[in-house]
Amino acid sequence: MSDTVIRVENLGKRYHIGTAVAAYQTLRETLGGSFQKVKEKKTLSDTGDNYIWALRDLNFEVKQGQVLGIIGRNGAGKSTLLKILSRVTYPTEGIAEIQGRVGSLLEVGTGFHPELTGRENIFLNGAILGMKRTEIEKKFDEIVEFSEVEKFIDTPVKRYSSGMYLRLAFAVAAHLEPEILVVDEVLAVGDAEFQRKCLGKMSNVAQQGRTVLFVSHNMSAVLRLTQESLVIEKGRLALRAPTAEAVDYYLSRGYSLEGQRIWQPDEIPEDAAPFQPVSLKVLNTAGIIVDTVRSIEPAIVEMEYMLHAPVTGLRVGMYLISSRGEFVFTSFDTDDPGLFEKFSTRQPGRYISRCVIPADTLNEGRYIIGINASSYKIKRYFQDEQALTFNVDAAGAPGMQWPEPRLGSYRPRLDWEIKRV
Amino acid sequence: MGDLWRYRELIYFMTWRDVKVRYKQTLLGASWAILRPFLTMVVFSIFFGNLAKVPSDGIPYPIYTFTALLPWELFATALSQASRSLVQNTNMVTKIYFPRMILPISSILAGVVDFLVAFLVLIGMMIFYKITPTVYIWTLPLYLLLTLVTALGVGLWLSALNVLYRDINYITPFLTQFWLYITPIAYPVSMIPEKWRLIYALNPMSGVVDGFRWALLGNQQSAPGPMLIVSSVIAVVVLISGLFYFRRMERQFADMV
């Protein structure tokens, strides 16, 4: 079919485990590597122990003008897929056929040089992204205006604030006009106003009939920008469906083990030490682990963890995120100054931090709990933005006489007064 | 290769970036382009010219060695920059598609600007020593080209190897130093016995340096014939093999770097 612009067939990408070791082998290892060693390596690779498949058996097509979302957990293989599609890396097996110029926003600001001015970097970065000089000249004013850094355009970017830097970088990338635009997680950039601008820019691109592949953890952005999405799980295509369905599938998948999440040692990054998450539970008032809590009853969130060394200034807390990806609130166990003083240094041991979400707080729907353990401005020990999901059932909540979905994540029981005046 | 042509503007911008950035935040700025060959010349003149009395075909030793140091500096800088080009731009290589060859190419081209600046000093010295260039001065661009071809050939090998083996970072300075001794910079080609000359010419830079002196200083009667041919052939062989090796390794760069 002529209007198919991306065709992926049996795509697979294999990496060495511990690439660092494999990549930085020294000449001596190769030249002088004993026969024994070579043999050893061979047997390892034969059994497949030495490799990991980041992507496997992937098949899909994208038609001209389609805006396709790609969602999946960290490490599912989304980025590898985008890298293959933008020709940065090559597949180990299978085919990825792409027609037309691919513009990738894999990471904005790539190739920016700190010593060069904003103006110079616009030209350099534009060229790196594949723009012609005349094209950049034509769009220069537009780019500068979009980035909101007019005043500093002739200042070396190393003097920019990080926000300015990112805005400028995104502005260049956003003015690329490729046939296929690949976007990965750029919306984490800048303040809310700038994010809105970026989303607007991207839906413009989509409306012009160009193909967009959009990867994001921001479910509401995915829902807004795309009609159809791929869900990738452990390197394989789990589902291709209309975005609403795909998001629902993604959110309901894997995280909740009936209201609790237990961390296996291999799920914990090494740099989390001395913090070690053990489990996260959602309990009802009777103290039973549940995956659905009632809106009209308090719910208990309980985080259990170990500390293997004394930690100063630790705060363990949660993000509550709606199924549309919006933050409902953030709360830490040492928010209260008294508790913060009392636990200024936590000794090694096993801890439980628990809190109660009061009754009549949450609207019906699915929620995600994210976990963060950090010492302010010192270190973020551990973060999992999708630690656990749970449902809220609104039975008995205010306004249930009207069986319609209510907007918003908050469903308070407010004291209304009605007076005739 | 067609890709390279489509991305020719990027070659220009990357070269321009390397030129602009090279002397940023240095006290002496672009004068380094002059100082490096100039100071080397001073040292060589004192130790090889005055103390060791190395012959220089009847030409004043300082200008004799400086003429050779110009293409040599270009070559040596190109090698060290090119060998590091892929590794230094890791974030570009792992995130954006573009013909990877642009990195070593532009890092080599950036050195040409330094070369031109230093060339002005050479002109000044020629006026000072009252040396008129020979009528063969038009052949200079050819020697310059030969320098670049050699630098690119070796640079492609080193940059691609450096992605896999960081040993290259340590090998390159040593290689450059060794190479300096087998190139007629501090001494004349005429010191090499006649029968060894063709073997000596296997080093393309000896052809370049010999040609430079011949075209500018007129230190010998006959044009550098057989030596130059051997040097050129070797340079082209290195370039072609470098191209092939680079192309073969290119697919793995993003995963390995």
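This report walks through a predicted model with chains A and B, going from overall make-up to particular helices, strands and contacts.

## Chain A at a glance

Chain A has 421 residues, and 37% of them are buried. Its secondary structure adds up to eleven helices and 20 strands. If you take the contacts in chain A between residues at least 6 apart in sequence, 70% of them link residues at least 24 apart.

## How far to trust it

The mean pLDDT of chain A is 82, and 86% of its residues reach at least 70. Within the chain, confidence peaks in strand β13 (residues 299-307) of chain A, with a mean of 94, and bottoms out in helix α3 (residues 35-47) of chain A, with a mean of 43.

Two stretches deserve a flag. Residues 19-23 of chain A have pLDDT below 50, and apart from near neighbours in sequence this stretch makes two contacts in the model. Residues 33-47 of chain A are also below 50, with five such contacts. Where pLDDT is low, the predicted coordinates shouldn't be read in detail.

## The nonpolar cores

The largest nonpolar core takes in 134 residues, and L213(A) and F214(A) have the most contacts inside it. Helix α4 (residues 61-88) of chain B is the top contributor to this core, giving 15 residues. There's also a second, separate core of 28 residues, with V311(A), V316(A), I368(A) and I371(A) among its members. As background, nonpolar side chains in soluble globular proteins tend to be buried together.

What does L213(A) touch, leaving aside neighbours within four places in sequence? Its contacts are L68(A), I70(A), L82(A), L85(A), V182(A) and V183(A).

## Strand β7 of chain A

L213(A) and F214(A) both belong to β7(A). Five of the five residues in this strand (residues 211-215) are buried, so β7(A) is largely enclosed by the rest of the structure. T211(A), L213(A) and V215(A) point one way, V212(A) and F214(A) point the other way, and all are buried. In a regular strand, side chains alternate between the two faces of the sheet.

β7(A) has parallel partners. Strand β3 (residues 67-71) of chain A pairs with β7(A) over four bridges, and strand β6 (residues 180-184) of chain A joins β7(A) through five. V215(A) is a handy landmark here: I70(A) stands opposite V215(A), and D184(A) has V215(A) as its bridge partner too.

## A five-stranded sheet

Elsewhere in chain A, five strands form an open sheet with mixed pairing, in the order β12-β20-β19-β15-β16. The edges are β12 (292-294) and β16 (327-332) of chain A, each of which pairs on one side only. On average, neighbouring strands of this sheet are turned by 30° against each other, direction ignored.

Inside the sheet, β19 (residues 365-375) and β20 (residues 379-393) of chain A run antiparallel and are joined by ten bridges. One residue pair to look for is Y367(A) with its bridge partner F390(A) in β20(A).

## Helix α5 of chain A and its surroundings

Why is helix α5 of chain A largely enclosed by the rest of the structure? Ten of its eleven residues (118-128) are buried, so the helix is largely enclosed. The buried ones include I122(A), F123(A), L124(A), A127(A) and I128(A). They pack against α6 (133-147) and α7 (162-174) of chain A, and also against α2 (8-22) and α5 (90-95) of chain B. After α5(A) comes G130(A), with a positive phi near 95°.

## Where chain B meets chain A

Across the two chains, 21 residues of chain B are in contact with 26 residues of chain A. On the chain B side, the elements giving two or more residues are α2, α5 and α12 (253-256). Helix α2(B) gives the most, with six residues. Sorted by class, this side of chain B has ten nonpolar, two polar and nine charged residues.

For a close-up, try L10(B), which sits in helix α2 of chain B. L10(B) is buried, with 25 other C-beta atoms within 10 Å. Setting aside residues up to four places away in sequence, L10(B) touches A127(A) and I128(A) on chain A, plus F98(B) and I102(B) on chain B. L10(B) and L103(B) are 93 residues apart in sequence, with 9.6 Å between their C-alpha atoms.

Terms used: Residues numbered from 1 in each chain as written. Chains lettered and ligands numbered in written order. Predicted model: local features only at pLDDT ≥ 70, side-chain atom pairs only at ≥ 80, totals over all residues. Buried ≥ 20, exposed ≤ 12 C-beta atoms within 10 Å, placed from the backbone. Contact = placed C-beta atoms within 7 Å. Nonpolar A, V, L, I, M, F, W, Y, C, P; charged D, E, K, R; others polar. Pairing = 2+ DSSP bridges. Axes fitted to C-alpha atoms, helices over the stretch in contact; angles between N-to-C directions. pLDDT = per-residue confidence, 0-100. Core = buried A, V, L, I, M, F, W, Y, C linked by C-beta atoms within 7 Å.
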